[in-house]
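Open the model in your viewer and keep the selection tool at hand. This tour goes stop by stop.

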Amino acid sequence: MEEPIKKERKINKKKLAITITILLLITLFVVVFIIYCINANFRKWADKNVLLKEVRQGKTVSIEFNGENNSNVYAFNKYIIVLENKILKIFNSLGTEEKKIITDINNPIFDEVGEYLVVAEKNGDSVYLLKGKELLWHNTIEGKISQIEINENGYVGVVISDISYKNIINVFNVEGKSLFKTYVATNKVVDVSISKNNKYLALAEIDMSGVLVQSSIRVIDIEKAKTDPSNSIINTYIEEVGKLILNIEYQNKERLLCVYNDSINSIEENKENSLIKLEDNKI
């Protein structure tokens, strides 16, 4: 009796290749998923670049704007300010746009205290004062604006440079009325501060005409300056040669804090006292 002829089994190479590919993909997916679960840095990268999703916590809100339009973002009080294409947009804490203000500003500088915000065009001539989301006033100033300062009562100091003087400081009240101007012919004005009771304007100046710089602080009586600016200087504090003034700020109505490269001083009741000496330059 003849044995039945065994048929040779043919291997389907195409199906085998597909099966191996599927197994490899499954293995790769499992490995990537495990790495995604245990590696926080990889998970963060994958969320942003692969899954294109934004990870949020709690009830975080977002404000969308076009980063290509030279957008400027600033936070003050309970609002977020976005300045884009000369339009100042005011958003509340929920991310809802509450107001739009058309401005002449492309390159803004900001300063704020409490509910007041002052915005100006750097090296331009426009200044805007806001209280909360309301625009209080807008002024156009002669010269190029280099600095702005505001106190808690809405008084604004604007530092301007022009051809005739190194710096001009123009002080405005909360209604936008120019109270006076003071002129600095040779020194460079580093910082200005207006006292919390609207009585004094302090100027931090640097004389760079010598081999070494010399810093000084001038205190001006605002009430006197309204009628006689040239005779309104209460006191001038001249520092030793080489001591560099960096910043000044009024506290407690009439106490002026002065930050130097090597110390922090206070001026109160026409006396300057050293508070901290910064012997380590890294501080």
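The stops below run from a sheet to its salt bridges, then to hairpins and a pocket. The model is predicted.

**Stop 1: the four-stranded sheet**

Select β5, β6, β7 and β8. These four strands form an open sheet in exactly that order, and the pairing is antiparallel. Color residues 108-113 and 134-140 to mark β5 and β8, the edge strands, each of which pairs on one side only. Look along the sheet: from one strand to the next, the twist averages 15°.

Now isolate residues 126-131, strand β7, together with β8. The two pair in the antiparallel sense over six bridges. Find Lys131 and look across to β8, where Glu134 stands opposite.

**Stop 2: salt bridges around this sheet**

Stay with Lys131 and show side chains. Which residue meets Lys131 in a salt bridge? Select Glu115: the N to O distance between the two side chains is 3.8 Å. This pair links distant parts of the chain, with Glu115 in the loop between β5 and β6 and Lys131 in strand β7, 16 residues apart. Glu115 is partly exposed, at a relative accessible area of 37%. Lys131 is also partly exposed, at 34%.

Next, select Lys133 and Glu98. They form a salt bridge, and their closest N and O atoms are 2.9 Å apart. Lys133 sits in the loop between β7 and β8, while Glu98 belongs to strand β4 (residues 97-102), so the contact ties together parts 35 residues apart in sequence. Lys133 has 28% relative accessibility and counts as partly exposed. Glu98, at 33%, counts as partly exposed too.

**Stop 3: a buried salt-bridge pair**

Move to Glu205 and Arg218. Their salt bridge has its closest N and O atoms 2.7 Å apart. Glu205 lies in strand β14 (residues 200-207) and Arg218 in strand β15 (residues 214-221), 13 residues apart. Are these two side chains on buried or exposed residues? Glu205 has 4% relative accessibility and counts as buried. Arg218 has 14%, and because buried means under 20%, Arg218 counts as buried as well. A search of the whole structure finds ten salt bridges, including the Glu205 and Arg218 pair.

**Stop 4: β10 and its two partners**

Select residues 156-161, strand β10. Five of its six residues are buried, so the strand is largely enclosed by the rest of the structure.

Add β9, residues 144-150. β9 and β10 pair in the antiparallel sense over six bridges. They form a hairpin with five residues between them. In that turn, click Gly154, which has a positive phi of about 85°.

Then add β11, residues 167-172. β10 and β11 pair in the antiparallel sense over five bridges. A hairpin joins β10 to β11 through five residues.

Center on Val159 in β10. Its bridge partner on the β9 strand is Gln147. In β11, its bridge partner is Ile169.

**Stop 5: the largest pocket**

Finish at the largest pocket, with a volume of about 170 Å³. Select its lining: Tyr200, Val219, Ile234, Asn235, Tyr237, Tyr250, Glu254, Leu256, Ile267, Glu268, Glu269 and Asn270. Color by residue class and the lining divides into seven nonpolar, two polar and three charged residues.

Which strand gives the largest share of the lining? Highlight β16, which supplies three residues. β16 (233-238) and β19 (263-268) each supply at least two residues of the lining.

Technical notes. Residues numbered from 1 in each chain as written. Predicted model: local features only at pLDDT ≥ 70, side-chain atom pairs only at ≥ 80, totals over all residues. Heavy atoms only, no water. 1 Å grid on protein atoms, 1.4 Å probe; cavity = no way out; pocket = protein on both sides within 12 Å on 5 of 7 lines; lining within 4 Å. Points joined across faces, edges and corners; volume = space filled by probe spheres on them. Nonpolar A, V, L, I, M, F, W, Y, C, P; charged D, E, K, R; others polar. Pairing = 2+ DSSP bridges. Axes fitted to C-alpha atoms, helices over the stretch in contact; angles between N-to-C directions. Salt bridge = Lys/Arg side-chain N within 4 Å of Asp/Glu carboxyl O. Buried < 20%, exposed > 50% of the residue type's maximum accessible area, 1.4 Å probe, protein only.
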